[in-house]
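Open the viewer and keep the sequence panel beside it. We will make a few selections, one after another.

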Amino acid sequence: MSTITDATLQDPPRLPPEFKQGPLMRRNAAVTEAPWVRWTLTAVALLFLLGFLFLPLIAVFVEALRNGVSAYFAALVEPDALAAIRLTLLTAAITVPLNLVFGVAAAWAITKFEFRGKSLLISLIDLPFSVSPVVAGLIYILIFGAQGWAGPWLMEHGIKVAFAVPGIVLATIFVTFPFIARELIPLMHEQGTEYEQAALSLGASGWQTFWRVTVPNIRWGLLYGVLLCNARAMGEFGAVSVISGHIRGQTNTMPLHVEILYNEYQFSAAFAVASLLALLALVTLGLKAYLEWRHGDELVATRRH
Amino acid sequence: MEIKVRGIHKAFGSFPALGGVDLDIASGELVALLGPSGSGKTTLLRVIAGLEFPDRGAIVFGEEDMAGRPIRERRVGFVFQHYALFKHMTVLDNVAFGLRVRERRERPPEALIRERARELLELVQLGGLDQRYPAQLSGGQRQRVALARALAIEPRVLLLDEPFGALDAKVRKDLRRWLRQLHDKTGVTTIFVTHDQEEALELADRVVVMNRGRIEQVGTTDEVYEQPATPFVFDFLGNTNVLPGEVRGREVYVDGQDTPIVTASLHGSGPVDVYVRPGDLRVTEPGAPGFDAVIRSTQRTGPILRCEAVTASGQAIEIEVPHLHYDTQTLRPQQHVRLRLNQFSVFPRQTRNRDGTLPDVVPNAPAEYRARGRA
Amino acid sequence: MSAIVRSRTRTVIPGFGLTLGYTLLYLSLLVLIPLAGVFVHAAGLGAEGYWHVVSSPRVLAALKLSFGAALAGAAINAVFGPLIAWVFVRYEFPGKRFFDAVIDLPFALPTAVAGIALTALYAGNGWIGQYLEPLGIKVAYTPLGIIIACTFIGLPFVVRTVQPVLQDAEKELEEAAASLGANRWQTVTRVILPTVLPAALTGFALAFARAVGEYGSVIFIAGNLPMVSEIAPLLIIIKLEEFDYAGATAVASAMLILSFALLLVINGLQAWARRRHAHVR
């Protein structure tokens, strides 16, 4: 019997129905919009995303499977496709570590020391982002191509750079050049030099300080940069297209293979290879979102510009 | 370890952070570097540590000149203002770091390192927290981890940059006392930087008062407080009233009054500034040595009664008395009182009033006082 | 390069010479010297020869198209980008984290994939194209298609520049405006928009810069008809394939100069945004 009185005490006091939400909504109206405005804006934003981002993504997978699952897999295990996958992986495997070392070295020099011309240096590191990928490919042709500066000499010695794997790697390095450095610079700038000073005062050597203190401090930012660098390295099309020579089975990366298949009207095969790249993009986005969510505080600098 | 600082100059661009600093610190001493921000105290500490390199001058540990020796060879325990604890390491790993990075032939075996780290954590009263990460500790605990980490390398000197700056008032007081005890126990030569005079005076054997890249005075708490060498030292160590005065032989006439204060320690003659603390002013009978003032307002703050008053020459001053002192009966607004100076310092008159000191004439001082002050 | 001089004061942190030296070497060898090569080659044409190439109708048309379409795409993003950023910062709705992650898709999706996917959508028999064609709207293989591709790749630039500014903008400002009697529309137009403007402009410029040089996602949908839907980067490739190195470098150097000018504008905008931002705080 006594439970009844308890229940009435514990329940929130009942309000007349007309009071529900009314005052609350009116109070918030000062700094938010009417519900219909909110819904409209949200709908417009999501429709825009749907039309511009989701539909192309879905189209890739639907078109890839248009001729059935077996045709899909046949397109992927075809020798030229496999060669393209191998070359793409190889290119990324060379490019990413090189840019990683560069990114760390550049960020160290820029964030741990004061010197004149620093902001110029930062702008120069960002430069490849504002150069058209086609121009990025062109510049190496001008050096290593048959009519290029180094072309005749390379020809004499039997070294192929343009229209060969080294050229592809060079062009890829160029377009992915700034990714890791620009991820690390704001992060290391924010962390300052106090941790390194502490380690040195405790007797650590320069390398010990770097490996035991600096690297753990920047590991998530480093991973974030590697992730973006890798996505671009595997997916680069314009720069590689100029310098590769499109030799099937030899200098064809995955994006180039997509183009060749597409231009030969093998649409579903083209989309099948493209779907692999789309999957790579999705995995990249997933990992990126996870890093931002889980280690956002150690990427802080990157999230704010 | 005995430390000698000789003729240290250091400039950052065109800003002279240290302009010729000499200092001797005895082995086992606990010394405070005290000064306002920009006074060069932190720079001096960092120069001693080897975190900054002086433009000129020498730093000598014992007999060994440290100039040009990198910090990792100096064996100084440096505690950073914000501790700089390695976030990705446990408390134990932080403390053990300095031992683990030693070269193999000097490095103790791992078991010994852990044991030593645990001992140090016991010493700083953090036993049992060795598997925590810095993020899981309170500010005071982090401070003590940073200390244990610095002590782990058996430093020749322990250097602390604003050790209590990032802590709240209560923790600050406890840690201060505890640090004094720790120092008495370990006996490591210790230098710390602070801008808080109370902290410096309570904790240190000797206080080094710094201003504009120079040392103003070095002395024990009593010395700097009782015999401040410069107006700056007097002013920096507490609330200050500055009154115009004149010295003739052993007599000092305060605020243009005709009854002088006679003291044996004065000599010379001429216009002076009389520096007196609000708590050193007391009511006395009319005509006694001292000066006249009118109370403008009173304010009780806790156990202290604080009065604002105006002297005969129109100078605004502050008086502080304990709230149960019998002077409180006289110290009422509009009361005319005669004040004596329990303790004061006299410095040659400065041509220009520095910021923060009281202006010569208070614009709204009563007309009769202004007239008398000029007479 | 000579501006980078060793003038630092001595510090305890080691590795300055090593890291800066490596940085400068790597940067020079892979970026600066090759880029300089374009200008050296172009200079080989002489002023007259250079002008002859750049002012030929086909090149002019291509440059106009590249810049015009990029401008249009960036303009579309300048409207929808801040709107999307606003919705993601201020409103709650299911799947928000997922949608937020997908905004970066154009960064992550290889451009060739985006290109063929957009073409599949907007071709005359495509998913969307089949409904537009009867209305007389042709998207694929026309400049309109190029604008669509430019919009696609530029979107995240605007959203990601505006988002943090909106996140940092204190609600107090809006509350203050409301307390002073402003209605919601006035608050939005007079308080929020001016706060966001520098970031939105920066995002616009970044999206524009990216779209101007874009190749992969544009090339499939463009149709590549000389004088109509042929973009400047493609023209470079065509000239290369014809072994017209001089012509290719001329077009490339024109594009480089325009992009560098744009870069200066972006830097100026960012400095302005920072000042604005710092001022508010």
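Two residues are in contact when heavy atoms lie within 4.5 Å. Keep that in mind for the helix stops below. This is a predicted model.

**Stop 1: chain C**

Select chain C and switch to cartoon view. Which secondary structure does chain C have, and how much of each kind? Count 13 helices and zero strands. Reading along the sequence, you meet α-α-α-α-α-α-α-α-α-α-α-α-α.

Turn chain C around. Its C-alpha trace spans about 70 × 65 × 35 Å along the principal axes. Chain C has 281 residues, and 55% of them count as buried.

Now show the surface of chain C. About 12000 Å² is exposed, and carbon and sulfur atoms supply 67% of that area. Colour the charges next. Chain C has 19 positive and 15 negative charges, and their mean positions are 9 Å apart.

Look at its contacts too. Take those in chain C with a separation of 6 or more: 73% of them join residues 24 or more positions apart.

**Stop 2: helix H4 of chain B**

Move to chain B and select residues 110–123, which form helix H4. How many ångströms should its 14 residues span? At 1.5 Å a residue the expected span is 20 Å, and the end C-alpha atoms are 20 Å apart, so the two agree.

Show side chains. B:Ile113, B:Ala117, B:Leu120 and B:Leu121 are buried in H4(B). Look down the axis of H4(B): its buried residues fall within an arc of 100°, so they line one face of the helix.

What covers those buried residues of H4(B)? The cover includes helix H3 (91–100) and helix H5 (139–152) of chain B.

Flip to the face turned away from the buried side. There you find the exposed residues B:Ala111 and B:Glu122. Then step past the helix to B:Gln125, which follows H4(B) and has a positive phi, near 60°.

**Stop 3: B:Val145**

Select B:Val145, in helix H5 of chain B. Is B:Val145 buried or exposed? Its relative accessible area is 1%; buried means under 20%, so B:Val145 is buried.

Set aside its neighbours within four places in sequence. B:Val145 is then in contact with B:Leu85, B:Val91, B:Asn94, B:Val95, B:Leu126 and B:Leu137.

Finish with a distance. Pick the C-alpha atoms of B:Val145 and B:Leu92: they are 8.8 Å apart in space, though 53 residues apart in sequence.

Key. Residues are numbered from 1 along each chain as its sequence is written. Chains are lettered from A and ligands numbered from 1 in the order in which they are written. This is a predicted model: local features need pLDDT of at least 70, side-chain atom pairs count only at pLDDT 80 or more; totals for chains, interfaces and linings use all residues. Side-chain values use heavy atoms; hydrogens and water are left out. Helices (H or I, at least four residues) and strands (E, at least two) are DSSP runs, numbered from the N terminus. Buried means under 20% relative accessible area, exposed over 50%, partly exposed in between (1.4 Å probe, protein chains only). Accessible areas come from the Shrake-Rupley method with a 1.4 Å probe; for residues, only the protein chains shown count as cover. Lys and Arg count as positive and Asp and Glu as negative; His and the chain ends are not counted. The place of a charge is taken as NZ of Lys, CZ of Arg, CG of Asp or CD of Glu. The expected span of a helix is 1.5 Å times one less than its number of residues. The arc is that of the directions from the helix axis to the C-beta atoms.
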